[in-house]
Amino acid sequence: MAAPSPGPERDPGLEAERAAAAGLAPLTLTALPGELLELIACCGTLSAADVGRLACTCRRLREACQPHGKVWREQFRLRWPSLMKHYSQTENVSWLEEYKERHKAGLEARRIVASFSKRFFSEHVPCDGFSDIETLECPSHFFEDELMSILNMEGRKGLTWKYYAKKILYFLRQQNILKKLKAYLQRPADEQSFLEGAVLIDQYCNPLSDICLETVQAQIDDIAAKVRKFLKSKNPRHPSVTSKAGEVCREVSEVELQRQVLDAMNYVLYEQLKYKGNEVDYYNSLNSYIRQVLIHRTGIPISLSVLYLTIAKQLGVRLEPVNFPSHFLLRWCQGTEGSTNIFDYIYIDAFGKGKQLKVKECEYLIGHHVTEEFYCVATAKEVLQRMVGNLLNIGKRESTDQSYQLLRDSLDLYLAMYPDNVQHLMLQARLYFHLGIWPEKVLDILQHIQALDPSQHGAVGYLVQHTLEHIERRKEETGPDVKLHSDEKHKEVCYSVGLVMKHKRYGYNCVIYGWDPACMMGHEWIRNMNVHSLPHGPHQPFYNVLVEDGSCRYAAQENLEHNTEPGEIPHPDIGRYFMEFASTHYVANAELEIRYPEDLELTSAAVQKIHSENKE
C-alpha cells in the first residue's frame, strides 16, 4: 500500500485570514480544553517560575495551574522525585505550597551546612551544635532530602559541604530512630517484635544506610516461603504450608508437626542457604546487624536466633529467646505451654545450625553449670540490651576513631533503654572527656550521676575539675595559629598543605593537612615511635597527614616523597580540610587556608613542577 502523499504546507497567516473572513475567532492557547492545557504545562520544559508567570496571565491558565492541580504536582515531582513516596494518590495536597516549603527547606539546609565549617573546624561538632536544626520549622524529610542532594553531588567538588551534610544527616536520622525506639519500648510486650527491635539497632548504628523493617521482613518472607515449599514436599497436608507469603501462620499445636517445621527450617537455612555462625570473625560488629546477617548469611548466636524465631513464628512454631550466658539460645516447649520447669523445654542453638539441646547439653556448650534463672524467657528489652551490650564490648575492644563512633552509638542506645545506669553514664562521660569534646555535655552527665549515686563523688569531682579547666582553656583561645612558609623559622619546610604524598618506608598514600617546623609531640611519643633513629630525628619538619586506610598520622619530612601518580585519598575527614580534589592535589577549604595562607600557591607550583619533570 502506497504511503499517502503529503498535503500542501499550511500557512498560519492565510488560515487566520480565512477564519476572520468567515467571522470565526482565531484558535488561541486559552481556547484549548483544560486537560490539554494541563498536559502542555506538564511537558517538562517549563520551570516553576514559568508556571508562576503563566498562572498570572489569565483566568483560564490560572485554573489550569491551580495549587492543588497536576501542573504543580509535576513540578514538584520533577524537582524532588524521591519525596513522592511521602504522599498518597488520594491525598488532597497544595503542591504549590509544598513546592515553596521544600524550596525554603533547601535554602535553610544549605545555609546551615555552609556555617558548620567556620563554627566547628577546630573541634568535633558538639551535641549542642545541632540546636538550630532541632528548632527547624520545615518538615524534617524536606531538610533531609536537601542534605541527600548535597551528598549526591557529582564530581570531586563540595567536599566540605558533603562532610558536614553527612554529619547533620547522621544526627537527624539517629534522633528520629531514638524516638521510634522509645515508642517501641513503651508498647505492651506482645506488640514488641524482636525483629523490629533488631532493625532499630541496625538503623541507629548505620543511619546513612538504606535499612527499613519492610525490606528486612520481605527477605525473611522469602526464606519462609522456601521453608514452606520444602515442608510441602515432605508433608503436603502440613497446616503451615497453606499460609501465604508474608502471613503469620496459625500456631501449630502438635509437637511432631512443630518438629517437621524446625527440621525444614534447618535444612533450608543451613544446608540450602548456607547460613552459619561466624566463628572466624566473631567480634565483627557486622554480625550484630540484622541486615548484614541476611546479606552475608553469617552472624552470632543472638542475631541468628532473632532470624530463626521470626521465621518459626511465621510458620506457626512458637519459640522463646533465652538469655543464656555466653551463648544466646532459643527454647521450644515440649510440655504444657507456659511451663516453669526448665526440663519441659528443648533448647535450640541457632549459631550451631539449629542443634537441639537438653538442659545439661546447654551447660556443656559453655563449659560450666548455671542456675535455673538463666533458662528463663527473655523480654524484648532484654534481648535488645544484650545486642547493644555486644556492640559496646566490640567498641571497647577496638581503638580506632571508627570504634569510638560505635562505642558512642551503642552507649546512646543503652542509655535510651536504661537512662539511669550509673556505670554506662560514667563510661559516656569518660569517653567524651577522653576525646576532648562536648565538655558541657560531660558536666550534664556528671551532675546526673552525682544525683543518682553520691558515692561516685570522687570520680565525678575529678572529671568536673578537669572539664572546667578545658572550658576555661577554650575561652582563652585567641584564634587560629597562622603558619607562613616565608617565616625564617619555617625555611626547612619543603611540602605544603594539599599535596598527595607517599611514605617511603611504609608505602602508604596520604595528603598533607598540616605541618610543624619540628616534631611537636611529647618525649614519650618520640620514644615510642623511635623517632630518634631517624637521621634527622625530631629536629625536622613533621606533617599531619590523612592516610588512605582512614587513619591520621604524623610523619617526618625525610619519610615523605611526592606521589608521582596522585589519586584521591578515601579518608572520612577529607572534607573537614579540603573543598576539592583537583586531579593532582587537594584544594584547602577556607578554614584551612586561613591557617596556611601561602600553601595553596606553593602546592600549585609544586604540582606543575612535578608535571613538567614527568613530561621531560
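Here are a few notes on the salt bridges, cysteines and a surface patch in this predicted model.

1. Salt bridges first: the structure holds 20 of them. One is Glu-74 with Arg-77, whose closest N and O atoms sit 2.6 Å apart. Both residues are in helix 5 (residues 70-79), three residues apart, or about one turn of the helix. Glu-74 is buried at 17% relative accessible area, while Arg-77 is partly exposed at 31%.

2. Helix 12 (residues 255-272) has a pair with that kind of spacing: Glu-256 and Arg-259 are three residues apart, about one turn of the helix. Their side chains meet in a salt bridge at 3.9 Å, N to O. Glu-256 is partly exposed, at 44% relative accessibility, and Arg-259 is partly exposed too, at 28%.

3. Glu-144 and Arg-173 also form a salt bridge, with 3.2 Å between the closest N and O atoms. This pair links distant parts of the chain, 29 residues apart: Glu-144 is in helix 8 (residues 140-151) and Arg-173 in helix 9 (residues 159-186). Glu-144 is buried at 17%; Arg-173 is partly exposed at 22%.

4. There's a salt-bridge network as well, linking Arg-102, Arg-110, Asp-145 and Glu-146.

5. Don't look for disulfides; the structure holds zero. The cysteine sulfur closest to that of Cys-43 belongs to Cys-42, and at 8.1 Å it is too far for a bond. For Cys-333, the nearest cysteine sulfur is that of Cys-376, 13 Å away. Cys-43 is partly exposed at 46%, whereas Cys-333 is buried at 18%.

6. Finally, Leu-36, Leu-39 and Ile-40 make a nonpolar surface patch of about 270 Å². Leu-39 lies in helix 2 (residues 34-41) and is exposed, at 59% relative accessible area.

Terms used
Residues are numbered from 1 along each chain as its sequence is written. This is a predicted model: local features need pLDDT of at least 70, side-chain atom pairs count only at pLDDT 80 or more; totals for chains, interfaces and linings use all residues. Side-chain values use heavy atoms; hydrogens and water are left out. Patches are made of residues with over 30% relative accessible area and no salt bridge: like charges are joined within 9 Å, nonpolar side chains (Val, Leu, Ile, Met, Phe, Trp, Tyr) within 5 Å. Accessible areas come from the Shrake-Rupley method with a 1.4 Å probe; for residues, only the protein chains shown count as cover. A salt bridge is a side-chain nitrogen of Lys or Arg within 4 Å of a carboxyl oxygen of Asp or Glu. Helices (H or I, at least four residues) and strands (E, at least two) are DSSP runs, numbered from the N terminus. Buried means under 20% relative accessible area, exposed over 50%, partly exposed in between (1.4 Å probe, protein chains only). A disulfide is a pair of cysteine sulfur atoms within 2.5 Å.
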